[in-house]
Protein chains: 2
Amino acid sequence: MIIEHPYLIFLGDVPDALAAKTGLGIVDWRPEWCLGQFRLDGCQADANIPELSIAEAKEKGVKTMVVGAVNAGGVLPDHWVKPIVEALDAGLNVATGLHSRLSSIPEIKAAAEKSGAKLHDVRFSDERFATGKGDKRPGKRLLAVGTDCSVGKKYTALALEREMRERGMDADFRATGQTGVFISGRGVAIDAVVADFISGAVEWISPAADPNHWDLIEGQGSLFHPSFAGVSLGLLHGAQPDAFVVCHEPTRTTMRGVKHPLPSIQEVIDMTIALGSRTNPGIKCTGIAVNTAKLGEDEARSMLADLAREYGVPATDPIRFGVTELVDALADI
Amino acid sequence: MIIEHPYLIFLGDVPDALAAKTGLGIVDWRPEWCLGQFRLDGCQADANIPELSIAEAKEKGVKTMVVGAVNAGGVLPDHWVKPIVEALDAGLNVATGLHSRLSSIPEIKAAAEKSGAKLHDVRFSDERFATGKGDKRPGKRLLAVGTDCSVGKKYTALALEREMRERGMDADFRATGQTGVFISGRGVAIDAVVADFISGAVEWISPAADPNHWDLIEGQGSLFHPSFAGVSLGLLHGAQPDAFVVCHEPTRTTMRGVKHPLPSIQEVIDMTIALGSRTNPGIKCTGIAVNTAKLGEDEARSMLADLAREYGVPATDPIRFGVTELVDALADI
């Protein structure tokens, strides 16, 4: 799935920034792709980019309108159909991460057929994957893994891509979740793939590359999460990473959505190596990324120093303190 | 998915027994459900049950015609459409495990709509599952796991069900693969479920039960298989087994479809406990089931005795030597 940029970010009329976090995430990481936002009356989210009408967006060269907001339930509100149809009529593609397909709405389907614009439902995969083969392929790969869901795996991989590109390294973020797909303009929401093809889909997302090329692969879930560990393991086997960074949120007490305690960072390192060595015997942990947003700066720095000492790898908050040392640690791979 | 029995087993005109292994497996385990077979000219597979025309099958009370054979590629040959339409016209449901939906063939769809008969595509799941919760639920559960795919997991679980029922125990085989679904008349082909819902689907397949009830859950793949380990892990977490039996085929040198060596039985035991304890800390290995079909009887008995001594649990070939000791080993759980 390739989503053409530049984008117009549609934020609807959502009541807060949280409901627009997909759109805001795209603007954070790809400001140069986001020519403007399109909001309905009453929208309480703001990406702080120019307000554009659909006609203005078309004129400025926008290729795709991305629905970067969700309302409760992840369904498309009836009153969002009209602006989507307008975008299609203007020849813009439309992309969403909603739980139902855009083409299931007759007006939208008809408008897309008429204008020839593309509909992208990133939660659905129409690609036919092969089953994973597990053969070692050329190129270097880093996977962001986690002690839980939503602990900064995507942001860590994106921060690494940014830093590595600034250093002139050949590096690509590889998306495995819907927001990541919008940010990179390609990829697959791996949790939407049929179970038999998880690792095969990841092999497709991160294909053979030049020996010095780095793929920075977005992880999903956790090997310890009772709901999603199967996705995490298929992703690990398909990614066959040379290096992994463990992402962690230190104030969380139970895993997201269930009653289970978080695993320790050591447990995650040990299990990731035990399982990941099946498709890459050289796998190793090269860093720890902690979301310290809920900690004061002194407390955060002290925790990171302790973790770096305990585990013998760099520990940082990628957003707060950068990823210089995480990239340095990849030099000898 | 509930598939109504009795069945008429459709074997088409396949060239050998291997192509009819689904149908033959159903007859092996549910002879009382299989009132007859329906074969086309030239069929080289034979389930050794009465030949019935569709009219005869209907008259004898058959509810569903099961397509128990596949031709190369898993697609439906054009000349099988006519007998399927005839079955539907007679009011029989039709069930298949093919890679495309029966309803994608216009004549079949029209015939089903006309007669009101059901179409079951067991490789597709239309059930909406919740994500797995990992909460301990009442009832006892055994999972058949494996050193590889196709090493006897389904047959082991079915042999346990048969033996336990003969002893008057309250036990149900729980299918997670297509042939298993036909044999039990219900279940879900777990490898066809969307990745996010693997463990949730298994929680649905094996719901809360009486404290002394046993679910004997069919495993899939292997935690060590680079193509399918994600399915195996989601299945393990969702099954939250109290007991597991390791299934093995001793003459195999590489894992099915890939170049990777088989894990040892010890590796499978250790990894199954390490990962399975996440949703059931009491998980333990209670036996080993070996497919000894390629070994002479003395060699088989000697190997099983060695394995039992080495691992401290009963080891048997369920088909050749029965599962008495495997059931005995469950007495104290």
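## Interface and nonpolar cores of chains A and B

Across the interface of chain B and chain A there are 18 residue pairs in polar contact, both residues at pLDDT 80 or more (a pair of N or O atoms within 3.5 Å, where within protein one must be able to donate a hydrogen and the other to accept it, and residues adjacent in sequence count only if both atoms are side-chain atoms). The side of chain B that touches chain A draws two or more residues from each of the helices H7 (198-205), H8 (229-239) and H9 (265-276) of chain B, and H8(B) gives the most, with six residues.

This is a predicted model, in which local features need pLDDT of at least 70 and side-chain atom pairs count only at pLDDT 80 or more, while totals for chains, interfaces and linings use all residues. Residues are numbered from 1 along each chain as its sequence is written.

| Interface item | Value |
|---|---|
| Residues in contact (heavy atoms within 4.5 Å) | 39 residues from chain B, 39 residues from chain A |
| Salt bridges (side-chain nitrogen of Lys or Arg within 4 Å of a carboxyl oxygen of Asp or Glu) | two |
| Lys259(B) and Asp135(A), salt bridge | 3.6 Å, N to O |

In the largest nonpolar core, a set of buried (under 20% relative accessible area, 1.4 Å probe, protein chains only) Ala, Val, Leu, Ile, Met, Phe, Trp, Tyr and Cys residues joined through side-chain atoms within 4.5 Å, there are 78 residues, of which Ile190(A) and Ile190(B) touch the most other members. Leaving aside neighbours within four places in sequence, the contacts of Ile190(A) include Ile198(A), Val202(A), Leu235(A) and Ala195(B).

How values were computed: Chains are lettered from A and ligands numbered from 1 in the order in which they are written. Side-chain values use heavy atoms; hydrogens and water are left out. Helices (H or I, at least four residues) and strands (E, at least two) are DSSP runs, numbered from the N terminus. Buried means under 20% relative accessible area, exposed over 50%, partly exposed in between (1.4 Å probe, protein chains only).
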